[in-house]
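Hi everyone, thanks for coming. I'd like to walk you through a structure, so have a look at it first.

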Amino acid sequence: MRILIVDDEKNIRRTLTVALESMEHEVSSATNSALALAELKAHPYDVVLLDLRLSQESGLNVLEEILQVAPRVSVVMVTAYASVETAVEAMRRGAFDYLPKPCTPDQVRQVLGRIEKTRKLERRVAELESRLGTEGPEIDLTSQSPTMQKALDVAFKAAGSEATVLLLGESGTGKSVLARAMHQRSPRRTGAFVTVSCPSLSRELLESDLFGHVKGAFTGAVADTQGKVAAADGGTLFLDEIGELPLEIQAKLLRLLQEREYERVGETKPRRANVRVISATNRDLTQAVAAGKFREDLFYRLNVISLRLPPLRERVNDIERLAMIHLRFLAGHSGKDVQGFSSEALEAMRQYAWPGNLREMRNIIERAAILCSGESIEASDLADSIQPGSEIRLGGKFTLEQIEAEHIRRVVANTRTLDEAAEVLGIDPATLYRKRKKL
Ligand SMILES: Nc1ncnc2c1ncn2[C@@H]1O[C@H](COP(=O)(O)OP(=O)(O)OP(=O)(O)O)[C@@H](O)[C@H]1O
């Protein structure tokens, strides 16, 4: 765990640091409350060991300030003036526990063990909650398609940093799945991964969903709620369909990103949260910026690193593997012993345009697994739209332009750079650029 020691006595800081590091925790220390608060604003921590008497300051007041800045951190009060009243008061104000000073390494280990257990349970509950109803096939984060490989490479490199990341791509290409995978590969993985679906609520409800509200802030606000920003403190906030975020909320999100500050609806007291933001959209945000629907300053904040997930039709080499992953899961669920796909069915899937991408693949394979009567899925088990013949094929009733567009799309998908694609196509890169724009 990441632990911050807040104590003005050098010896205590030193002995605690040595003890904690020998237990394989990551430890930092601060000598006063101002430094501690600055540290907590800058980095996510799991635990604070807080001296109850910090020279002139009252540890109980500092405790409250700490919990405002980092609501998810577990604070353990450490004091030479142990008394039942102060212990009770500290716990009443939100401390996790209480340690006498000096304390033995065993006492420290015990209290940290309890914190770890509680946090693990909290994480498990949050994870199960978010998995409910979203249980799905095994997540595949490999690819044989150069464009997808490049996107995954950027995603995994960015995962370890604190940078905001913007995921682009058509609906169903796996942006939400990738955002969660990035969180799990980040130093914040012990924190929560919280998703906000921007278009799903009215402006008022979305604001309260994000930032929380106080009782009485609006009709129906019967109790205080903390909001998803606070829930994601120390973790990752995933903003899905960010292009749909109303302008009023865009201003508030910008403030959160710039100053780490926000206010609950119906309250003026600023609160702080340390969240890493990953957002996703299938819209062209630069167009939304040009149309005045999306703030340019927010766009640049969100777009520190951006990557585009290619549509499934551009990942022809991945289709068989992905289809098998979905089949294993869906056949298992439908209780059928379906082993694979006929070569015609595979070819039909390779030729198909997959407008709904991986989500559509899941639906089509689920339906096929139910309909198929043999050991493998035949082309005739696939939905009508995907039947061979409904897609562009040489010799069929298609215009030259349609065939050219399809050929260019596939060559681009199967080469690493546009220069390489131009070479395969036998045209110069500028012509390829013009053709792609036109098509
Ligand atoms: N890497 C993956 N491996 C296996 N299945 C995947 C993967 N990515 C996505 N899927 C499947 O595709 C479905 C849709 O993925 P996801 O919700 O991440 O797409 P999205 O791009 O966020 O879509 P939208 O823009 O509509 O929100 C998932 O529920 C899952 O079944």
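Let's start with handedness: a crossing is left-handed if the near helix is turned anticlockwise from the far one by less than a right angle, and right-handed if clockwise. Helices here are DSSP runs of H or I, at least four residues, numbered from the N terminus. This is a predicted model, where local features need pLDDT of at least 70, side-chain atom pairs count only at pLDDT 80 or more, and totals for chains, interfaces and linings use all residues. Residues are numbered from 1 along each chain as its sequence is written.

Okay, first pair. α13 passes α15 in a right-handed crossing. Leu322 and Leu327 are among the α13 residues that meet α15, where the partners include Leu358 and Ile365; contact means C-beta atoms, placed from the backbone, within 7 Å. By class, that contact has 10 nonpolar, two polar and two charged residues. Charged is Asp, Glu, Lys and Arg; nonpolar is Ala, Val, Leu, Ile, Met, Phe, Trp, Tyr, Cys and Pro; the others, Gly among them, are polar.

Next pair: the crossing of α8 and α10 is right-handed too. Here Arg203 and Phe211 are among the α8 residues meeting α10, with Glu248 and Lys252 among the partners. This contact has four nonpolar, no polar and four charged residues.

And what surrounds the ligand? 20 residues do, and the closest are Ser171, Gly174, Lys175, Ser176 and Leu358, counting C-beta atoms, placed from the backbone, within 6 Å. α7 and α15 each give two or more residues to that shell. The shell divides into seven nonpolar, eight polar and five charged.

Notes: Two residues are in contact if their C-beta atoms, placed from the backbone, lie within 7 Å.
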